[in-house]
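Please look through the model below with its sequence at hand. The paragraphs that follow move from a pocket to a helix and then to a single residue.

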Amino acid sequence: DRHQVPPEADQKETTALVKDVYKDAYSKASTSDELTSLAKFLLQQGMATKDDATGRFVLFQEARKAAVEAVDSDLAIEVVGKLAEQYQVDRAEEEALTIEQLAATAKFSTQSKAVAEVALSLTEKAIASDYVDVANKLADAALKASRDGRDNEMIPRATDLRKELESLTAAFEQVRDALKTLESNPTDPDANFQVGRYWCFVRN
């Protein structure tokens, strides 16, 4: 079973401890490569921590922060995966948050292009899974990153996804209440009709 997210107070106390214990590693991390090394180190420490759920959670969070500062998209999303495997967090939401942070942190076109590529892939995955709200966040980040990266191949792709989501979101809003109804009453006939029509005529 996945662990609950530790209380904020415990996270704050443990974060201070982690930064003190590994202060030498933190002090040496300033460039992108060094921050990536720090993120990998903290991730490894988190994976090796077996008997301290709060400590492992904080190490994962610190690894993600370092990966975001390094604008290492693949590593940051890898950390999110480890976090979601072991803690009761919404993986898709955490991925979207991380991509938004990466897009905002990127300073160079090469970094933005890399962020855009990952963001586009995650957007398509979110659409396929019907995570419309998450997909919108990811699509916005993908469009920003592709524009910042001045990538003439990814900008049209991101723009098309953004347009696709506009129509999909409008259709999804019409069945949002029906989907909530089915969570508590799976046999509700009207809700089933609305959702069935959505899947037949919009999603297929």
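In this predicted model, the largest pocket is lined by Asp-90, Ala-92, Glu-93, Asp-130, Tyr-131, Val-132, Asp-133, Val-134, Phe-172, Arg-176 and Leu-179. Sorted by class, that lining comprises six nonpolar and five charged residues, with no polar ones, and the volume of the pocket comes to about 200 Å³. Three helices, H6 (91-105), H8 (132-148) and H9 (154-184), each contribute at least two residues to the lining of this pocket.

Turning to helix H4, which spans residues 53-70, one finds 18 residues that reach 26 Å from the first C-alpha to the last, close to the 26 Å expected at 1.5 Å a residue. At the N-terminal end of H4, Asp-52 acts as a cap, with a side-chain oxygen placed 3.3 Å from the backbone nitrogen of Thr-54, while just after the helix Val-71 adopts a positive phi of about 55 degrees. Because 15 of its 18 residues are buried, H4 is largely enclosed by the rest of the structure.

Val-68, which lies in H4, has a relative accessibility of 7% and therefore counts as buried, the cut-off for that term being under 20%. Leaving aside residues up to four places away in sequence, Val-68 touches Ala-76, Thr-98, Gln-101, Leu-102 and Thr-105. Between Val-68 and Ala-25, by comparison, there are 17 Å in space, C-alpha to C-alpha, and the two are 43 residues apart in sequence.

Key
Residues numbered from 1 in each chain as written. Predicted model: local features only at pLDDT ≥ 70, side-chain atom pairs only at ≥ 80, totals over all residues. Heavy atoms only, no water. Helix = DSSP H or I, 4+ residues; strand = E, 2+ residues; numbered from the N terminus. Buried < 20%, exposed > 50% of the residue type's maximum accessible area, 1.4 Å probe, protein only. Contact = heavy atoms within 4.5 Å. Expected span 1.5 Å × (residues − 1). Polar contact = N/O pair within 3.5 Å; in protein donor to acceptor, adjacent residues only side chain to side chain. 1 Å grid on protein atoms, 1.4 Å probe; cavity = no way out; pocket = protein on both sides within 12 Å on 5 of 7 lines; lining within 4 Å. Points joined across faces, edges and corners; volume = space filled by probe spheres on them. Nonpolar A, V, L, I, M, F, W, Y, C, P; charged D, E, K, R; others polar.
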